[in-house]
Structures are given as C-alpha cells and as structure tokens.
Amino acid sequence: MKKIINSILIMAGLAVAMPAVTYAQVSVGVGIGIRADIAPPEIPVYVQPECPADGYLWTPGYWAYDDADGYYWVPGAWVAPPEVGVLWTPPYWGFDGGFYGFHAGYWGPHVGFYGGINYGCGYGGEGYYGGMWSGGRFRYNTAVSHVNVNIVHNTYVNNNFYRNNNRYAFNGRGGVTARPGREEQIAARDHHINATRNQLALQHNSARNQAQFAKNNHGRPAVASMRRATDRLPAQSRVANRANNNAAKQTRVARNQQGTAARQNRSAGPQRTAARQTNRAAVQQRTAGRQANQAARQQRTTAARAPRQQNQAVRAQRQQQRAASQSLRAENQQARPAARQQQRPQQQRPQQQRPQQQQRPQQQRPQQQQRPQNRPNEKR
C-alpha cells in the first residue's frame with residue numbers, strides 16, 4: 001500500500017512541478033505512476049452525506065488499484081481544503097497504449113480535467129457545480145450539495161449545470177471520450193497542491209478493508225461515502241477484514257505446506273526416477289512376453305491350419321480332375337453324333353454295290369451247295 005501512496009505523491013508532485021502542462025502532457029501515458037491491465041468497474045451510485053461543517057468541500061469517491069488484489073473503492077467524503085480559494089480536481093483513469101493509467105487528483109484555484117467521469121454530487125464530468133468561493137467563504141449549491149441550511153447559511157440554488165448520465169470510470173476507448181476544454185487546459189497550468197493527509201489516510205484505510213475491493217463486492221463497495229475523511233470504517237467492515245485476514249493466513253499456511261510438500265517431492269525425485277525406470281523395464285518385459293505369446297499363438301494357428309490347407313488342396317485337385325473328366329465326357333458325348341454322321345455315308349456306298357455282289361454268288365451257290373452234300377459221306 002505504501003507503493004500506491006508514494007505513486008500518488010509522485011503524481012501530485014509532478015502536477016505541482018509542471019505549471020505549463022498541455023493536453024498531451026495530461027493524456028494517458030505521461031507521468032503515470034499506477035497501471036492496470038483491466039478496466040475499473042463502473043462508478044457506484046450512492047447518497048451524499050450531510051456536510052459536517054462550514055467550509056468543508058466534497059471529494060467524490062474513486063477506484064484505486066492494488067497490484068495484488070486489484071481495484072478498491074475509496075469512499076467519497078467531506079474534506080477541509082488545504083487553503084482558502086482552492087477546489088478539488090478528482091483523480092481518474094485513462095486508457096491508452098493497451099493499459100489503464102491512473103491520474104492523481106489535486107487542489108487548485110480551478111477544477112481541471114478529470115476525464116469526463118460522472119462522479120456525481122456536483123462532478124458531472126466537467127467542472128464542479130456543488131459550490132464556489134466568494135469573499136473568502138465557500139458557498140454551497142443546495143441543488144447539488146447536501147447541506148443543512150439551518151446551520152450553513154452561505155448557500156444558493158443553481159440547477160443549470162452539466163449532466164452526464166454514463167457511469168464509466170475511465171476515459172478512452174470503451175469509456176468516456178471527453179477531451180479537456182479551454183478552461184480545463186488553463187487549470188492544468190495553475191499552481192497545484194497535493195492531496196491532504198486526511199485524504200491519503202482515507203485511501204490507505206480503504207486499501208486495508210477487503211470489503212472495499214471489487215473482487216469481493218463486485219462493484220458495490222460496503223462503504224461508498226463517508227461524512228468526514230477522518231471517520232472510521234464501520235465495525236462490520238473490521239469484522240470482515242479480520243475474516244479476510246484469517247483467510248489470507250490460512251492461504252499462506254496452505255502455500256507453505258504446498259512448498260514443503262514440493263521440497264519433499266524434490267528430495268524423493270531420484271527414488272521416483274528409479275521406480276519409474278523399474279516400472280518401464282517391467283512394462284517392456286510384459287510387452288515382450290505378450291509378443292512372444294502372440295508369436296506362439298500364430299505358430300500354433302498355422303500348424304493347425306496346415307493339414308486343413310493340404311486337405312483343401314487335395315480336394316481342389318480332385319475337383320479339378322472331376323471337372324476335367326466331366327468335360328471329357330461332355331466332349332465325347334458331343335463327338336459321337338458327329339462321328340456317326342461321318343460314318344453313315346461310308347456305309348451307304350457298299351449297300352449300292354451289294355446287289356451286284358450278291359447277284360453273282362446267287363448264281364454260283366447252287367453249284368457250291370451241291371458239292372458239300374457228298375462230303376459228309378466221305379467223312380463217315
């Protein structure tokens with residue numbers, strides 16, 4: 001938290017040391033002491049408390065940033081100015097160059113540029129309409145400022161002021177696109193005064209209150225405004241802080257335990273390495289055994305299939321032989337009719353000659369038959 005306060009003091013010192021600041025010098029990226037990668041939440045809506053005493057000026061609440069826990073809300077509060085005749089220019093966030101830069105607030109004779117942010121309660125985005133200095137006394141505009149007119153009599157009513165309805169908390173792409181006007185540029189050249197000690201103390205106390213952080217309140221801080229900057233935070237916030245501190249302690253203890261376990265793991269590293277190597281060797285052995293079993297199974301399978309394959313081959317040969325014999329039979333059957341047809345004309349030719357051959361022996365047969373009639377007698 002000291003880092004944040006030191007950054008604010010540096011920014012305020014830069015504002016005092018550069019009286020001839022132009023718009024380019026107040027833009028994001030020049031003299032930025034705090035940077036964030038994410039945009040701040042929207043400005044919450046809250047009720048302004050009553051002014052505690054004559055001469056106090058209202059300083060609106062704003063989002064500050066912590067490197068560890070992120071954005072937290074600094075409540076708006078009534079503050080005694082450092083001297084007569086000065087007004088408060090609120091801080092604001094500006095986006096440029098891929099990050100969000102914080103511009104610290106300051107006191108001066110005129111209200112300068114505060115990013116066009118609508119902080120409410122007289123800070124509508126341009127100037128201040130909650131009151132003005134007159135004759136060494138501050139006059140309050142009761143149309144904006146919550147003042148008890150029975151106690152504070154230097155008041156007036158003016159409803160003609162700039163109104164900005166957006167709730168963006170930063171200036172730049174995605175937020176407010178306002179630019180400083182002529183009066184605000186003149187105010188940048190005025191003599192500036194740092195934030196008062198009470199203002200810095202309020203920011204410091206807000207940073208210690210976990211209920212004020214956006215990660216816990218989701219943009220709705222537990223304390224959005226206070227009557228005085230010196231007032232303490234409510235007791236409930238302190239109880240919540242204690243609970244958060246206890247949780248933080250438990251987190252640290254858990255981290256320490258994790259660190260111890262990690263160290264023990266490092267010391268047990270060689271043993272784990274040896275165990276891993278043993279496991280890998282066992283896995284390799286199991287893999288080799290599985291491969292050997294698979295090879296044996298394949299051999300048994302091939303050995304069992306060999307007779308079957310031989311039988312199948314024999315069957316196939318027999319089938320081929322049968323098919324060949326069947327084909328021969330079919331060819332023979334087809335060839336017989338053709339052969340018969342070829343033989344028939346050869347048999348018809350001698351049939352035509354038979355009559356001539358038969359006629360001749362018919363004439364001679366009687367002579368030949370007569371001869372053997374006597375032969376049997378001769379034999380006897």
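Which residue stands opposite V79 in strand 5? The residue is L57, and the pairing around it makes a handy way into this structure. Before going further, bear in mind that what you're looking at is a predicted model.

Let's take in the whole chain. It has 380 residues, and buried ones make up 34% of them. You'll find 7 helices and 14 strands along the way. If you take the contacts between residues at least 6 apart in sequence, 65% of them join residues at least 24 apart. As for the outside, the accessible surface comes to about 24900 Å², and carbon and sulfur atoms account for 45% of that.

Now back to strand 5, which covers residues 76-79. G76 and W78 point one way from the strand, while A77 and V79 point the other way. Whichever way they point, all of these residues are buried. Strand 5 has a partner in strand 2 (residues 57-59), and the two run antiparallel with 3 bridges between them. That is where L57 and V79 stand opposite each other. Strand 5 also pairs with strand 14 (residues 225-228), this time in parallel, again through 3 bridges. Here G76 of strand 5 stands opposite S225 in strand 14. In general, strands of a sheet can pair either parallel or antiparallel, and they do it through backbone hydrogen bonds.

Next, have a look at strands 3 and 4. They form a hairpin, with 3 residues between the two strands. The pair is antiparallel and held in register by 5 bridges. Within it, W63 stands opposite W73 in strand 4. Strand 4 (residues 70-74) has 5 of its 5 residues buried, so the rest of the structure largely encloses it.

Those two tryptophans bring us to the aromatics. W63 and W73 belong to one aromatic cluster, together with Y46, W58, W78, W133, F138 and Y140. W78 is familiar from strand 5, where it points the same way as G76. Across the model, the count comes to 21 aromatic pairs. Take Y62 and F102: their ring centres are 6.2 Å apart and their planes sit at 35 degrees, so the pair is tilted rather than stacked, since stacked would call for planes under 30 degrees apart. This pair links distant parts of the chain, with Y62 in strand 3 (residues 62-66) and F102 in strand 8 (residues 99-103), 40 residues apart. Are these two residues buried or exposed? Y62 is buried, at a relative accessible area of 11%, and F102 counts as buried too, at 4%. Strand 8 runs over residues 99-103, and the ring of F99 has a charge over it: the charged end of R35 sits 4.2 Å from the ring centre.

One more sheet to visit. This one is open, has 3 strands in the order 10-11-12, and shows mixed pairing. Strand 10 (131-134) and strand 12 (155-156) are the edge strands, each pairing on one side only. Strand 11 (residues 137-141) runs parallel to strand 12, and 2 bridges join them. Y140, which you met in the aromatic cluster, stands opposite T155 in strand 12.

How values were computed:
Residues are numbered from 1 along each chain as its sequence is written. This is a predicted model: local features need pLDDT of at least 70, side-chain atom pairs count only at pLDDT 80 or more; totals for chains, interfaces and linings use all residues. Side-chain values use heavy atoms; hydrogens and water are left out. Rings of Phe, Tyr and Trp (its six-membered ring) pair if their centres lie within 6.5 Å; planes under 30 degrees apart count as stacked, over 60 as edge-to-face and the rest as tilted. Helices (H or I, at least four residues) and strands (E, at least two) are DSSP runs, numbered from the N terminus. Buried means under 20% relative accessible area, exposed over 50%, partly exposed in between (1.4 Å probe, protein chains only). A charge sits over a ring if NZ of Lys or CZ of Arg is within 6 Å of the ring centre and within 35 degrees of the ring normal. Two strands pair if DSSP finds at least two bridges between them. Contact means heavy atoms within 4.5 Å. Accessible areas come from the Shrake-Rupley method with a 1.4 Å probe; for residues, only the protein chains shown count as cover.
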